[in-house]
Amino acid sequence: MSLTALPAHPPVAFLDLPPVARAGGRIVLPGSKSISNRALLLAAFCAGDTVLTNVLDSDDTQVMLSALRALGCTIKQEETRCIVHGMGNAPVQRKADLYLGNAGTALRPLTAVLALTGGEYTLRGVPRMHERPIADLVDALRGLGCVIKHLGTPGYPPLRIQSPTLRLDAPVRVRGDVSSQFLTALLLALPLVATQDVTIDVEGELISRPYVALTLHLLARFGVVVRQAGWQRFTIPAGSVLRSPGAYAIEPDASSASYFIALGAIAADANDPIRIEHLGTDSIQGDLRFVDAVRAMGAHVSASQDALAIHRGLLHGIDIDANDFPDAAMTLAALALYAQGPTTLRNIASWRVKETDRITAMACELRKLGATVEEGPDFLRIAPPTCWKTASIHTYDDHRMAMCCALAACNPAALPVRIEQPGCVAKTFPTFFDTWFAVAHSASKHIPVLCIDGPTASGKGTLAAALARRLGYHVLDSGALYRIAALAAERQGLRIGPEGETAIATLLPQCKIVFDQDKVWLDGADVTEAIRSERCAMLASQVSALPAVRRALLDVQRAFRTSPGLVADGRDMGTVLFPDAPLKIFLNASAEERARRRHAQLVARGVSTTLDDLCADLMERDRRDRSRSVAPLVPAQDAVLLDNSALSVEESVELVWDWWQQRRPFGLTG
Ligand SMILES: Nc1ncnc2c1ncn2[C@@H]1O[C@H](COP(=O)(O)OP(=O)(O)O)[C@@H](O)[C@H]1O
Ligand SMILES: Nc1ccn([C@H]2C[C@H](O)[C@@H](COP(=O)(O)OP(=O)(O)O)O2)c(=O)n1
């Protein structure tokens, strides 16, 4: 039987990562955020149409897309492909109020573009964006004649922009030692107004140079070649015009790759490394310098032009100037947990003005795991834990904190790790945890299962779905499998009873079953409605009494036990399928209450039935399920009995939620 279960992704308050035993497998990562936002901006303000492929779909790129659309740019988006109709060298809309979330890669270049090209604009973001300095860029733009007002704290967004009186003759000076994004913003915007040579002088030591190199690379692809004197002076030649390259393919994100390079370095074997496709020595992203650092720590990384393969080595601490790759360097801080001796990351002051103060945040969270961390104004020194501790990781609404700290799940003590507000990864890598679970393998015994067994209409399915949603876990609706088995057997004309037992058990491995959120498919047909009839339930009860059928479904059900965890609903989840589950609920309600619930459920679906008939059917099914010879419906010895006759759904959920949290090693959070 082939079975696919596609999980849904509601926001959860926290996600518990099972300890990782081994990593390995191929991954294709989403497009680079830095390249996506630069390419979208250039495509919007160039002449001609541009087809961008592998565009990152994340919070930061969504705000850029919305802002460009608000400025009058037509962009057709089909999944990760964007067709951008260039507006030429100025926005169509000369008035707009733009919300840019927490995306520095959107707010900063758009500030420069709009201030130089003119109009009436406000630019704002999330509260943290209003704490991230922008004075250096604003001062530089004012030097060019731009009119920009700070609407809140001076030196920070939100900003009000009005039309400039441009003065381009004197070189514009910009500080390079706080964020390279200020220089990038000027480089991207100045070609729109370069009626004469415009020179930018960088004050102070330019940080994050590879990001500036990336900007220059993209400008060149859009037809503007900037003259460069070292890293201190840049000149945009008179008459520069941005022209569409036609098509541009965005590479996978090298910063996103860093988590999986580190995962391979810690936990992959040589014979099954982590393989990252479409990212290799041809990459234009500076964050790939991370690979050299990981090699220096002792990991094995082989790189071809467009792929990386990583497996573990004996890791040792390093002392490194990480100024050139500040984002990926955060991953080194997490990798340091697995090295012998301390690791020192220097020249990382820019971490303090990112999504959060990343130096303090990282120090705090790594200490929770048992590491010894020394924190300075621009450095971090991490000595690995001698004794690992179970930790609930606070993520500070910072995607990189969440993704870095996931690496703590590789700890040798096999402790789970709780990641709070894991949805923050959507800023740059919405599918991070799916990718993680696809290549970070945990021992089955470490993948938690919450079992909910009980008679029909006791509320098992409702409770299981609510808990799984809140925990980010998978759901096993084992009853649905028996219903599908009954339906498949009936459709093949097989006898539903001992005479048909072998034939049904032989048929099941050939069935193709897909659970796709609310839909159930059998061999390509939608059977969602068909399996929910009371008749099918009765046939399922009969089919489920056949030992060979139950045996045929054992492995299929156990295969649902995948990371991060499972809520299993049925009759024998706690007794047969998952005897080691940390919590087994035996759910019950009086027969009258259950009949009343099922009646209401059927009436709501437009099925006509009487309460008496239902009650009789339900009691017959209970009797059969309880008295059969294999896996009868009985509470496991260690089950918690819950009679919810007098409880609402919400009350049942809260009760079981608390019991579950009490069995987790993290305390009562969430
Ligand atoms: N604690 C409860 N109180 C009231 N109604 C409930 C409760 N739990 C479930 N229900 C309702 O009872 C019906 C049957 O629940 P369901 O989860 O389908 O049961 P089961 O999976 O055990 O057959 C649903 O309409 C559901 O909303
Ligand atoms: N783990 C399980 C789940 C269901 N069954 C059988 C017994 C039930 O009567 C049928 C249908 O189960 P299902 O959970 O879908 O039924 P209810 O929704 O509780 O009415 O399948 C089982 O034997 N073992």
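1. A quick term before we start: a polar contact here is a pair of N or O atoms within 3.5 Å; within protein, one of the two must be able to donate a hydrogen and the other to accept it, and residues adjacent in sequence count only if both atoms are side-chain atoms. With that in hand, look at Arg628, where a polar side-chain atom sits 2.7 Å from an oxygen atom of ligand 2.

2. Some housekeeping. This is a predicted model, where local features need pLDDT of at least 70, side-chain atom pairs count only at pLDDT 80 or more, and totals for chains, interfaces and linings use all residues. Residues are numbered from 1 along each chain as its sequence is written, chains are lettered from A and ligands numbered from 1 in the order in which they are written, and side-chain values use heavy atoms, with hydrogens and water left out.

3. Back to ligand 2. Two other contacts are worth a look: Arg621 has a side-chain N or O atom 2.8 Å from an oxygen atom of ligand 2, and Asp572 has one 2.9 Å from a nitrogen atom of ligand 2. On its own, ligand 2 has 520 Å² of accessible area, and the protein covers 96% of that (Shrake-Rupley method, 1.4 Å probe; for residues, only the protein chains shown count as cover).

4. Who surrounds ligand 2? There are 19 residues around ligand 2, and Thr456, Arg483, Arg621, Asp625 and Arg628 come nearest (a residue is near if one of its heavy atoms lies within 4 Å). By class, the shell has 4 nonpolar, 6 polar and 9 charged residues (Ala, Val, Leu, Ile, Met, Phe, Trp, Tyr, Cys and Pro are nonpolar, Asp, Glu, Lys and Arg charged, and the others, Gly among them, polar). Helix α14 (478-491) is one of those supplying at least two residues, and α14 gives the most, with 4 (helices are DSSP runs of H or I, at least four residues, and strands of E, at least two, numbered from the N terminus).

5. Now ligand 1. Its shell holds 16 residues, with Ala457, Lys460, Gly461, Thr462 and Arg598 the closest, and it divides into 4 nonpolar, 9 polar and 3 charged. Helices α13 (460-471), α19 (591-604) and α21 (649-663) each supply at least two of these residues.

6. Which side chain has a polar atom 2.8 Å from an oxygen atom of ligand 1? That's Lys460. Gln601 also reaches an oxygen atom of ligand 1, at 3.2 Å, while Ser652 is 3.4 Å from a nitrogen atom of ligand 1. Taken alone, ligand 1 exposes 570 Å², and the protein buries 78% of that.
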